[in-house]
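Here is a short, friendly briefing on aromatic rings and their neighbours. Have the structure open as you read.

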Amino acid sequence: MPEYQTHEYDVLVIGARGAGLRAAIEAAHSGASVGLICKSLLGKAHTVMAEGGVAAALANVDDRDNWRVHFADTMRGGQYLNNWRMAELHAKEAPDRVRELEAWGAVFDRTADGKILQRNFGGHKYPRLAHVGDRTGLEMIRTLQDYATYQPIDVHMECTIVSLLKEGNRVTGAVGYDRDRGRFKLFAAKAVVLATGGIGRAFSVTSNSWEYTGDGHALAYNAGAALQDMEFVQFHPTGMVWPPSVRGILVTEGVRGEGGILVNREGRRFMFDDIPENYRNQTADNAEEGWRYTQGDKNARRPPELLTRDHVARAIMKEVREGRGSPHGGVFLDISWIKSKLPNAEEHIRKKLPSMYHQFKQLADIDITKEPMEVGPTTHYVMGGVRVDGDTQMSTVPGLFAAGEVGAGLHGANRLGGNSLSDLLVFGKRAGQYAAEFAGRQSSPRIDQQQADAITNAALEPFNRDTAAENPYQVEHDLQSMMQSLVGIVRREAEIREALDGLKVLRDRARKVSVTGNREYNPGWHTALDLQNLLTVSEIVAHAALERKESRGGHFRDDYPEKDPSYGKFNIVIRKGPGGDMQVTREPIPDLRPDLKQIIEENK
Amino acid sequence: MASETSSRSIAESGERAAARSDTSAGTASRTASFQVWRGAGNTGGLQSYSTSVSEGMVVLDAIHQIQAESATDLAVRWNCKAGKCGSCSAEINGVPRLMCMTRLSELDLSEPVTVEPMRAFPLVRDLVTDVSSNFRAKKRIRKFTPRPPDAPDGTWRMQQSDADRVQEFRKCIECFLCQNVCHVLRDHHLHEQFVGPRLLVHAAQLEMHPLDSLDRTGELKENHGIGYCNITKCCTKVCPEHITITDNAIIPLKERVVDKHYDPLRKLVRLMRGNKTGGGKREAARGNDARGGGNAL
């Protein structure tokens with residue numbers, strides 16, 4: 001029988017990146033005992049890759065900004081599939097969450113009068129992103145990490161959860177293993193917060209690290225929780241495309257925010273060619289106006305490079321498909337041209353975009369102060385996730401909460417850049433607060449030992465199989481390639497069906513995966529376990545993508561290229577049926593509150 | 001700008017850069033040999049692997065390829081693969097570096113490339129070490145404690161120049177390569193007495209933080225062992241973020257410690273005022289300067 005290290009907490013937070021840290025801090029503030037599970041070392045979170053900034057209507061740079069405009073921008077970007085209550089709370093509370101970070105030690109870039117500086121970003125009407133050069137995510141993570149270091153939070157580093165535990169309908173804890181020794185850990189908890197991030201590793205070109213295997217999505221699904229909007233995967237328009245080994249690594253939108261432009265192989269600034277109707281009033285119609293916008297001219301409209309990510313990504317794909325792409329299959333992104341506008345442009349670029357300068361210099365041998373970059377779309381973020389109550393972040397399973405990327409609702413069909421860092425602060429805090437409150441009303445959970453044993457025995461199976469069987473890395477690789485080509489940025493019904501068939505084959509292969517070595521820090525074993533989650537989320541994404549027969553936001557159907565208004569009235573929701581099958585339903589979006597409706601009208 | 005002519009010149013410049021990037025990456029694929037440390041605890045040794053390498057690959061790519069092809073249980077720690085998370089620190093041909101930022105084209109591939117774990121930390125397995133001591137050390141440094149807000153709305157004002165000063169330290173990615181090469185830790189194993197360069201950078205960031213109100217010079221001297229550093233600058237040399245650790249962080253901290261705790265005039269003033277430091281950040285001064293001019297090795 002497996003042995004366990006056992007722990008008991010009021011609140012167990014799974015995931016220790018932005019949302020998880022913020023949730024753990026809040027739960028600890030509320031007086032709850034808190035366990036924090038971190039798949040990697042603390043502070044190595046993927047949030048460090050968020051470069052551009054955190055969106056909050058502080059109005060430090062443009063006093064016309066306020067929560068109403070931020071709300072309207074978020075809803076427009078999400079094509080009105082958003083959970084409007086979350087969009088409202090997010091826009092209202094983000095400024096306080098950012099100011100709180102400063103009180104905890106974050107050092108943001110400043111305005112001339114000493115306030116937090118804000119920059120332009122795609123889909124945001126006014127300069128709204130508080131930032132630190134192009135390493136805002138690192139600043140946020142380090143601030144939260146350092147603050148949490150002094151809170152009564154029990155951190156379990158390099159620990160992976162393989163399953164949640166339940167008693168009846170209620171969540172009672174989780175089972176996981178530590179990476180270094182491979183020992184199983186049993187966590188009893190009155191409430192569980194999922195903050196596990198996204199699913200990027202289901203695709204081959206991604207900005208996401210190895211951790212992003214949809215763990216929280218799969219844990220929630222397997223525990224009976226509803227997931228929504230899973231067809232909406234964000235392909236960030238600008239990832240590196242060359243050399244091959246760095247393909248997919250993020251190139252921050254901040255490059256475009258600082259004046260960077262997109263050019264095809266023929267030298268055409270193609271983003272001016274197709275500006276969507278609902279953004280036409282807000283978009284510059286000439287290069288000069290676009291430049292003035294990036295330099296803070298309040299009377300100028302934004303350049304088309306700063307349209308929403310779904311639109312820019314598709315425009316780039318179009319150039320590449322039609323033979324106007326750059327030598328390595330992307331397009332050119334150029335910031336060096338600003339030397340014709342600014343004295344000391346090279347120094348300015350290095351100051352504003354230090355990580356990008358460094359990244360291109362070191363990995364691609366490109367000096368971005370002198371030469372254009374080659375960029376193309378990369379899997380970046382999933383808008384979909386666990387369906388939650390907008391106020392409390394509780395899922396459809398009592399005691400199970402979700403915050404950050406693993407939660408759904410705020411971003412609708414497409415997320416605006418900068419809204420994820422604010423999302424994880426606002427809803428990380430809320431999840432922590434309400435999870436602690438929920439825990440306060442519960443008795444101590446009872447852990448079902450047999451349930452735990454079944455989980456750990458299944459987790460150890462790859463060690464007991466014939467070593468000549470499947471290699472976990474190979475199955476993972478094949479899954480990623482298939483999802484990339486069949487359920488990627490451009491989708492068709494026949495291909496999605498092909499993917500669903502392919503997933504069945506991959507699932508069979510995953511059952512035959514075997515690993516060598518022992519349980520101590522064995523990445524082959526870890527990959528074999530993560531693979532189960534990848535298969536689950538891939539299937540969910542494919543089913544949702546099949547169901548939405550229109551194109552909207554991050555979901556583009558080549559066979560239904562237009563937006564269909566009838567699809568704007570519901571979210572696609574997926575649950576595990578009683579027989580273990582995937583159930584796909586359409587759940588109507590509640591009517592907008594009249595005051596919020598009015599805000600949207602006023603900001604049209 | 002962005003007249004058609006100038007964006008055409010952008011495309012041309014892009015073509016040239018792409019072509020050069022091709023050349024510098026070395027487009028042809030070839031087989032390269034690696035000697036990778038395998039083992040756990042106190043046992044282990046270098047094992048030979050070979051794998052085919054191509055355009056622009058970094059050491060971490062080669063390790064991943066070896067893992068997928070012939071050593072599924074090869075332990076390696078990594079995350080962002082873009083030099084931003086500081087997870088994949090190792091010693092490559094004896095030089096402490098990030099595996100994700102070390103391009104194979106920089107190395108001599110006619111010889112096997114050795115990849116070993118950081119030697120200053122206890123080995124977990126293969127390329128993974130136990131770096132938890134760094135996290136514990138951080139707890140010993142007193143936390144950020146801001147002065148009262150400057151504005152009635154609870155916010156602060158600071159100038160960009162003040163922010164710049166600490167942002168150099170705050171860009172640390174905690175790869176711990178500086179801890180790995182510090183001879184106080186690596187050769188003398190004084191982890192309990194000396195927090196090491198990473199944590200001194202952390203302390204510098206707190207001490208020079210425009211909003212922080214504490215004075216940590218006493219604890220730096222008494223508890224964190226700043227005197228052990230004899231400024232050989234090994235840490236600065238290996239920092240992948242190019243933080244000028246010794247000159248900008250450690251030396252100014254040492255000067256503050258000397259100013260506060262060894263200056264005879266100040267000591268006299270302090271005695272007369274009843275053991276309080278004068279001016280600047282205020283805090284009861286700790287220690288009585290009993291131990292002379294530091295404890296450098």
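A:Trp291 is buried in this predicted model, with a relative accessible area of 9%. Its ring partner, A:Trp337, is buried as well, at 8% relative accessibility. Both values fall under the 20% cut-off, so both residues count as buried.

**The pair A:Trp291 and A:Trp337**
- The two ring centres are 5.1 Å apart and the planes meet at 70°, so this pair is edge-to-face; the cut-off for that class is over 60 degrees.
- Distant parts of the chain are linked here, as the two residues are 46 residues apart.
- A:Trp291 belongs to helix α7 (residues 287-294) of chain A, while A:Trp337 lies in the loop between β13 (331-334) and α9 (345-352) of chain A.

**Other aromatic contacts**
- Over all chains, the count comes to 11 aromatic pairs.
- One of them joins A:Trp67 and A:Phe71 edge-to-face, at 6.3 Å centre to centre and with 65° between the planes.
- A:Trp67 and A:Phe71 are four residues apart in helix α2 (residues 67-77) of chain A, so about one helical turn separates them.
- Both A:Trp67 and A:Phe71 are buried.
- A:Tyr177, A:Phe184, A:Phe463 and A:Trp525 together make up one aromatic cluster.

**Charges over rings**
- A:Trp67 also has a charged neighbour: the charged end of A:Lys92 sits over its ring, 4.6 Å from the centre.
- A:Arg415 lies over the face of A:Tyr381, at 4.1 Å from the ring centre.

Terms used:
Residues numbered from 1 in each chain as written. Chains lettered and ligands numbered in written order. Predicted model: local features only at pLDDT ≥ 70, side-chain atom pairs only at ≥ 80, totals over all residues. Heavy atoms only, no water. Phe/Tyr/Trp six-rings, centres within 6.5 Å; stacked < 30°, edge-to-face > 60°. Buried < 20%, exposed > 50% of the residue type's maximum accessible area, 1.4 Å probe, protein only. Lys NZ or Arg CZ within 6 Å of the ring centre and 35° of its normal.
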